Amino acid sequence: MSFTKISTSVLALVAVSASAAAARDNVQVAGSSTVLPYASIVAEAFGENFDFPTPVIESGGSSAGLKRFCEGVGENTIDIANASRAIREKEIKACGENGVNDIIEVRIGYDGIVFASQIDGPAFTAFEPADWYNALAPKVLKDGELVDNPYSQWADFNGDLPAVEIAAFIPGTKHGTREVFEEKVLLQGCEDTGAMKAMEESGMDEDAVEDACMAVRTDGKSVDIDGDYTETLARIDSNADGVGVFGLAFYENNTDKLKVATMSGVEPTTETIAAGDYPVSRPLFFYIKKAHIGVIPGLKEYAEFFVSDEVAGPSGPLANYGLVSDPELADTQAMIADEKTMGEGM
Amino acid sequence: MTDASLPEPRHARSLKDVDARTNRRNRAEARFRAYGIAAVSIGLVFLVVLLGAILINGVGAFQQTFVNVPVYLDPAKLDKNGERNIEDIKKVSTFGYNPLVENALLETVQASGADTELDSAAEMKKLLSASAAAQIRDTVIANPELIGQTVEFRLLAASRVDGYLKGRVKREDVTRDKNIDVAHLDLTDKLHDAGVITKGFNLAFITGADASESRPEQAGLGVSMLGSFFMMLVVLGLSLPIGVAASIYLEEFAPQNRFTDLIEVNISNLAAVPSIVFGILGLAAFIQFAHLPQSAPLVGGLTLTLMTLPTIVISTRASLKSVPPSIRDAALGVGASKMQAVFHHVLPMAMPGILTGTIIGLAQALGETAPLLLIGMVGYIATNAPDGLASGFLDPNSAMPAQIFEWAKRADPAYYERAWGGIIILLVFLMTMNIIAIILRRRFERRW
């Protein structure tokens, strides 16, 4: 009866291990794939310098991470959510319903979003938000009237751009990057082209106008990439006319394949982003569950290490990789030291 | 019956004379053979292209560039109290080791006589991996008595330097790269000639842990291999006994009725369910309901068990069926009970088939990624080697295919090479398992 023996012992093992699972000694993080590289750099250095085990960082997107963050308090939930956008009211409410009340918001720095195309491809060298609005919006303003987007080539609306088919690869809606792209590029472009004004005059209310401005045409000229930047890069690699949306750090690692375009006349570099000249940048965050501090060993130490000058400062490894360091880092450090939650003011 | 009603017999002809119809039939056969050969050769061409691409892209990962640097372990920096107290030594972080590394590299370059435009130690440091400081710190903490001595270290070179020596990074590629300049590449060439920079077999790739985004040169598959190993233990330990017990019951004992038919149909259906579905099931059942830890090989193994079970049940039933009924009848005839007949006679004869099916099922589970995406095994996970049996099952870990998937997503192109290298290792594992299965079948299979 060796089968019975084996199966009973395996079942026993499973039962024992399930009860042993109660004590977790490593920090668990999930969320934005934009923050993942930075978090992994910090986690690696943290594991090397402290006696705590290296934290575990999962990716999956800001929204997915925050959703898991808000599932509740306890060893079986994650301690930190990485996000490439600020947490929404809706998410704070969902958190509250599950007992996650005290959340510490940590801004780690800024990240630029760049528009790049194949290095040997057509000369996409300078974009304006209006170009992207004209290229991607379902309805654009043409000769003073709102019409279904008639443009099929970039040169159709801006003679300075190459006369090639529009093929834009933009982040999918589960990415925090998409939100920034919509707000800082599409909405801006909507305003610049005058389409926003035309919509308001046509009697639409403010929310509807905003939604219409941030919508994207669905005729295949714009492709949502739900995967990571590597997928966008692969699309650009196989389509010489394609233009993609990337993070600055990703672009800097692949300068042999990509060339970047300016936005509103400013070239994206860590300097122009830090100075606030480059328009499409956004802060990166992570959120700590305060209830887990003191329960999960190393959680507070990890957070403090993340924002320490050595790591997140202007000459630290994060800045080397492409993060634009936060000028108000000292405030953030003090906030974590005091464990100040979001409600308590910053 | 009269001869008159028969038609005129055809003109007698030798079979050796080929008429038009025979020609047509022969041509059809020749065409069919040609199609067959074409199909086989297309398959072979694809196989060769695939294996060739994997080898060409991945073989680089098994070689690594090292920089041999003698580092003076300055007591003034590493142990300010001079008491060699391990707690004091641990207080110096890797950031404190960086200046030592930079100075040591500068001195090494000057000693080698290579002239370069790079003058500052900080600029030169781009040749080295960011892991250098950690490597030296680990050595010092393990052997505090080394402080005060000059120790020769074999440090990892930066991924761009490594790529340049392997031909992956070209000179014209780095003109706009902020991580490295052409001057660094010139210096690399000179140091390579001087023997300071050497290439060697990359054992750390097979044994090491995952590394962060900024140092692909340090990343290894070792920890996720252990993750896969523990997952396979779970799969084997659960799916083999459950699968075999279920099939013996269904095949030998269960009555043939609507209910068992339904079970049979469902098992075949389960075998065809896409693996991602099992991932969702695993997430809901094991993590959200049973509260097992996230990212643990135990959960991965349980999920893959669900996926492997139908495969094992189907192959076990097939091999039980292939044992001739005469064996059972003979056993029953000399007075064995039904259970004795099955366990003493039928099962041993079906064993080779069962094992083959199990190994194929395991190989399938080993290469499976999709369910692991959902139970949190993708990311920067495989960093700590498990330090025991319980931690092997329960501590967060990745698995080989999940690690490869993760590497393929990362920004630094050096990770792309690692991903291909990982595929080579995975393929070696899968081929070994399949070869074992074939050998088992060949050696023990009996024909009647």
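Chain B is anything but a tidy ball: in this predicted model, its radius of gyration comes out at 32 Å, whereas a compact globule of 448 residues would sit near 22 Å. The C-alpha trace of chain B stretches over about 120 × 65 × 35 Å along its principal axes. Of its 448 residues, 40% count as buried. Among contacts in chain B with a separation of 6 or more, 77% link residues 24 or more positions apart.

As for secondary structure, chain B holds 19 helices and 4 strands. The unreviewed UniProt entry puts "transmembrane region" features at residues 34-56, 229-250, 270-292, 298-320, 341-363 and 419-440 of chain B. Take two of these. Residues 419-440 of chain B are 100% helix, with 32 Å between the end C-alpha atoms. Residues 270-292 of chain B are 74% helix with 0% strand, and here the end C-alpha atoms lie 24 Å apart.

Then there is the partner chain. Contacts between the two involve 43 residues of chain B and 41 residues of chain A. On the chain B side, at least two residues each come from helix 4 (94-112), helix 6 (132-142), helix 10 (222-253), strand 4 (379-380), helix 17 (389-394) and helix 18 (400-409). Helix 10 of chain B chips in the largest share, 6 residues. By residue type, the side of chain B that touches chain A splits into 23 nonpolar, 12 polar and 8 charged.

Strand 4 of chain B also pairs across the chains: 2 bridges tie it to strand 2 (residues 56-58) of chain A, with the two strands running antiparallel. Within that pairing, A:Ile57 has B:Tyr380 as its bridge partner.

Definitions and conventions. Residues are numbered from 1 along each chain as its sequence is written. Chains are lettered from A and ligands numbered from 1 in the order in which they are written. This is a predicted model: local features need pLDDT of at least 70, side-chain atom pairs count only at pLDDT 80 or more; totals for chains, interfaces and linings use all residues. UniProt positions are given in the numbering used here, feature names are shortened, and annotations may be inferred rather than shown by experiment. Two residues are in contact if their C-beta atoms, placed from the backbone, lie within 7 Å. Ala, Val, Leu, Ile, Met, Phe, Trp, Tyr, Cys and Pro count as nonpolar, Asp, Glu, Lys and Arg as charged, and the others, Gly among them, as polar. Two strands pair if DSSP finds at least two bridges between them. The radius of gyration is taken over C-alpha atoms; the globule rule is 2.2 Å times the number of residues to the power 0.38. A residue is buried if 20 or more other C-beta atoms lie within 10 Å of its own, exposed if 12 or fewer, and partly exposed in between; C-beta atoms are placed from the backbone.
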